[in-house]
Amino acid sequence: RLPQRAFHQYVPLDHPGWVKTFLNHWTPDAALWMESELWPNMLFEIKKRAIPAALLNARLSDLSYQRWSIVKNFAEKILGTFQIILTQTDQDKERYQKLGGLNVVTSDNLKYSAPPLPFEETDLQKLNSACSGRPVWVYASSHDGEEELAARIHSDLKEEYPDLLTVIVPRHPNRGPDIEQQIHIMGLKTVRRGEDKKLPSKETDIYIADTMGEMGLFYRAAPIAVVGRSFSHDGGGGHNLIEPAQLDCAVLTGPNVQFQKQVLSDMLEADAILQVKTEEQLSTEIQKLLNDPDLLQTRKDKATRFARKKNDIIAFVTDALKPVLSAIPPLKDKAA
């Protein structure tokens, strides 16, 4: 899925010798560092070699900010690697400035400019055919505890919607067999997609989509999307709320979305998402959407409009990076 002439390469663990070997081999012209995990040895070596660098989509959680504040002088040296720091929020901007960051600018969240998740048209046709005529909702990127929650909600709603299909897409597909066993004990009929892309039958209650890279498929197949790790046993944190909004879903989430604070705040302000606090409330909201096609369409439209309105952030970021990228030496000078 990478564009032409682009390829993926892992960076090494942050050991001084491995960092030097990596940079000696790749001789990068510039470094665009994403989000918040700052690796000191790599960043110090980038600075030492005068490689133009920028920190993009930067954020600092409450805990990370408290930790870096304890070693503020050290943080200032690390942040000195970057010619510009583009933060997700004004609060992040203020925190990076207090830690010694220079040229800090709020750019909003780059995820807003990500293209919609891809899908295979043939797979969508097959899935839509298998689900034809059935009400469908998806619990996306689920973690431990959320699969059973989705199954309980399915059982509650099944009384009113006997042909309801619940799609569960676990964040970690390798958990598929365990999830299937958990739900089977609850007396529900399951089908696990697996590598052979098995489809649900008319008797299927829960469709476990334990595959990689197909989230775009299931958001397109289900008009109602609950985004996971917001009710999970690990305390939550949330996952990408923008992806279902881009794909014409009515978007819902639970109470624990601390890693998505600004995105959630923006979406709530635009009435582009429903946030609930309890399992009972989640079940009630899904039921309302299933009962009222006009309400469902309204929720979908608001989410889609929000996603489209935020699409121009990449242009701002690209413009802000011009001074950094212009510092790349001409090819002939570099070769010399």
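The exercises below concern charged and polar side chains in a predicted model. Local features require pLDDT of at least 70 and side-chain atom pairs pLDDT 80 or more, while totals for chains, interfaces and linings use all residues. Residues are numbered from 1 along each chain as its sequence is written, and side-chain values use heavy atoms, with hydrogens and water left out.

**Exercise 1. Describe the chain as a whole: its secondary structure, its burial and its charges.**

Step 1. The chain has 16 helices and eleven strands; these are DSSP runs numbered from the N terminus, with helices being H or I of at least four residues and strands E of at least two.

Step 2. Along the principal axes, the C-alpha atoms fill a box of roughly 70 × 40 × 35 Å.

Step 3. Of the 336 residues, 48% count as buried. Here buried means under 20% relative accessible area, exposed over 50%, and partly exposed in between, with a 1.4 Å probe and protein chains only.

Step 4. There are 41 positive and 45 negative side chains, and the centres of the two sets lie 6 Å apart. Lys and Arg count as positive, Asp and Glu as negative, and His and the chain ends are not counted. The place of a charge is taken as NZ of Lys, CZ of Arg, CG of Asp or CD of Glu.

**Exercise 2. Determine how Glu-94 and Lys-98 are paired, and where they are placed.**

Step 1. Side chains of opposite charge can pair when their charged atoms come close.

Step 2. Glu-94 and Lys-98 meet in a salt bridge, at 3.1 Å from N to O. The criterion is a side-chain nitrogen of Lys or Arg within 4 Å of a carboxyl oxygen of Asp or Glu. The structure holds 21 salt bridges.

Step 3. The two residues are separated by about one helical turn, because they are four residues apart in helix α5 (residues 90-98).

Step 4. Glu-94 is partly exposed at 41% relative accessible area, and Lys-98 is partly exposed at 43%.

**Exercise 3. Which acidic residues form salt bridges with Arg-175?**

Step 1. Asp-144 is one partner, the closest N and O atoms being 3.8 Å apart. This pair links distant parts of the chain, 31 residues apart: Asp-144 lies in the loop between β5 (136-142) and α7 (146-158), and Arg-175 in the loop between β6 (165-170) and α8 (176-185).

Step 2. Glu-147 is another partner, with closest N and O atoms 2.8 Å apart. Since Glu-147 is in helix α7 and Arg-175 in the loop between β6 and α8, the pair ties together parts that are 28 residues apart in sequence.

Step 3. Asp-144 counts as partly exposed, at 39% relative accessibility, whereas Arg-175 and Glu-147 are both buried. The value for Arg-175 is 18%.

**Exercise 4. Characterise the surroundings of Glu-279 and Gln-88.**

Step 1. Glu-279 is placed in helix α12 (residues 279-291) and counts as buried at 19% relative accessibility.

Step 2. The side chain of Glu-279 makes a polar contact with that of Arg-152 at 2.8 Å. A polar contact is a pair of N or O atoms within 3.5 Å; within protein, one must be able to donate a hydrogen and the other to accept it, and residues adjacent in sequence count only if both atoms are side-chain atoms.

Step 3. Gln-88, in the loop between β3 (84-87) and α5, is buried with a relative accessible area of 11%. Its side chain makes a polar contact with the side chain of Asn-109 (3.2 Å).

Definitions and conventions:
Contact = heavy atoms within 4.5 Å. Lists of a residue's contacts leave out its neighbours within four places in sequence.
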